[in-house]
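User: Hey, I've got a protein model open and I'm not sure where to start. Can you walk me through it?
Analyst: Sure, put it up and ask away.

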Amino acid sequence: MARYTGPVCKLCRREGTKLFLKGDRCYTDKCALARRNYAPGQHGQVRKKPTEYALQLREKQKAKRIYGVLETQFRRYFEMAERQPGITGENLLVILERRLDNVVYRLGLADSRSQARQLVRHNFFTVNGRKVNIPSYLVKVGDVIALKEEKKDSPVAKEIMERAASKALPAWLSYDANLASGKVEALPKREDIDIPVEEHLIVELYSR
């Protein structure tokens, strides 16, 4: 499956905001955006007034980069959101939040969504007791995401469990430290989704 493999700090600098793509490093003074708060490239420090289209495009790019989704899949999520009742932009964010790699990240079982994606691909987790190694798998209310029993003794798994025990959870998820498993208690609401994206601009972009 295609995915971006370039330097992720450039993405934060291009968007002009922290996308938290490198986990705990993003909270330190090593963050590239904190050191060079301008876009990458030869003309990165040139300031110009963005057009309406540019603002809409930047919001779409931010959402894609935060969740690690490329254009074809993102467009498919948007079409799903359009078919659902309610506000299309909020529906889109809820769909993105339901991705298995994002839920693993939200549970504190990975430092970043990219690490969560890698762990899912390497068969570290089950959903309702069944092996699922597809990062884009969309969880449902009531689903239980657990660390596989045979993985719990590995150094990576022990670090995962220690990390998860100290992380704050969003309201729509719960976590059992003894079982190293989390449960989807409800679908997230817009106020539960703390990403710096104005989703209505994405809807406007696709409606052009």
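User: Let's start with one residue: is Phe78 buried or exposed?
Analyst: Phe78 is buried, with a relative accessibility of 2%. One thing to keep in mind throughout is that this is a predicted model.

User: What does Phe78 pair up with?
Analyst: Its partner is Tyr206, and together they form an aromatic pair. The ring centres are 4.6 Å apart and the planes make an angle of 35°, so the pair counts as tilted, a label for angles that are neither under 30 degrees nor over 60.

User: Where do those two sit in the chain?
Analyst: Phe78 is in helix α4 (residues 71-83), while Tyr206 is in helix α9 (residues 199-206). They are 128 residues apart, so this pair links distant parts of the chain.

User: And Tyr206, buried or exposed?
Analyst: Tyr206 is buried, because its relative accessibility is 14% and the cut-off for buried is under 20%.

User: How many aromatic pairs are there in the whole structure?
Analyst: A search of the whole structure gives 2. There's also an aromatic cluster made of Phe74, Phe78 and Tyr206.

User: OK, zooming out. How many helices and strands are there?
Analyst: The protein chain has 9 helices and 5 strands. Going along the sequence, the pattern reads α-α-α-α-α-α-α-β-β-β-α-β-β-α.

User: How much of the chain is buried?
Analyst: Of the 208 residues in the protein chain, 45% are buried. On the outside, the accessible surface is about 11,600 Å², and 50% of that belongs to carbon and sulfur atoms.

User: What order do the strands take in the sheet?
Analyst: It's an open sheet of 5 strands, ordered β2-β1-β3-β5-β4, and the pairing is antiparallel.

User: Which strands are at the edges?
Analyst: Those are β2 (130-131) and β4. Each has a single partner strand, so one side of each has no neighbour in the sheet.

User: What about β1 and β3, how many bridges do they share?
Analyst: β1 and β3 pair over 3 bridges, in the antiparallel sense. For one of the residues involved, look at Phe125: its bridge partner in β3 is Leu147.

User: Does Phe125 turn up elsewhere, or what else should I look at?
Analyst: Phe125 does turn up in the largest nonpolar core, which has 25 residues. Phe125 is among those with the most contacts inside that core, a group that also includes Leu100, Val103, Leu109 and Ile145.

User: Why would residues like that end up together?
Analyst: As a general tendency, nonpolar side chains in soluble globular proteins are buried together.

User: Which element gives the most to that core?
Analyst: That's α6, with 4 residues. Apart from this core there's another one, of 19 residues, among them Phe74, Tyr77, Leu96 and Val197.

User: What does Leu109 touch?
Analyst: Leaving out neighbours within four places in sequence, Leu109 is in contact with Val104, Leu119, Phe125, Ile160, Arg163, Ala164 and Tyr175.

User: New topic: where is Asn102, and is Asn102 buried or exposed?
Analyst: Asn102 is in helix α6 and is buried, at 0% relative accessibility. Not counting residues up to four places away in sequence, Asn102 touches Tyr67, Leu96, Glu97 and Arg113.

User: I also clicked on Ser112. Where is Ser112?
Analyst: Ser112 is in the loop between α6 and α7. With a relative accessible area of 5%, Ser112 is buried.

User: What does the Ser112 side chain contact?
Analyst: The Ser112 side chain makes a polar contact with the side chain of Ser114, at 3.1 Å. The Ser112 side chain also reaches the backbone nitrogen of Gln115, at 3.2 Å.

User: Last one: which residues have a positive phi although they're not glycines?
Analyst: Asn123, with a phi of about 65°, and Asn128, with a phi of about 55°. Asn123 is in the loop between α7 and β1, and Asn128 is in the loop between β1 and β2.

User: How exposed are Asn123 and Asn128?
Analyst: Asn123 is partly exposed, at 21% relative accessibility. Asn128 also counts as partly exposed, at 39%.

Note on methods. Residues numbered from 1 in each chain as written. Predicted model: local features only at pLDDT ≥ 70, side-chain atom pairs only at ≥ 80, totals over all residues. Heavy atoms only, no water. Core = buried A, V, L, I, M, F, W, Y, C linked by side-chain atoms within 4.5 Å. Buried < 20%, exposed > 50% of the residue type's maximum accessible area, 1.4 Å probe, protein only. Contact = heavy atoms within 4.5 Å. Pairing = 2+ DSSP bridges. Polar contact = N/O pair within 3.5 Å; in protein donor to acceptor, adjacent residues only side chain to side chain. Areas by Shrake-Rupley, 256 points an atom, 1.4 Å probe, with all protein chains shown as cover. Phe/Tyr/Trp six-rings, centres within 6.5 Å; stacked < 30°, edge-to-face > 60°.
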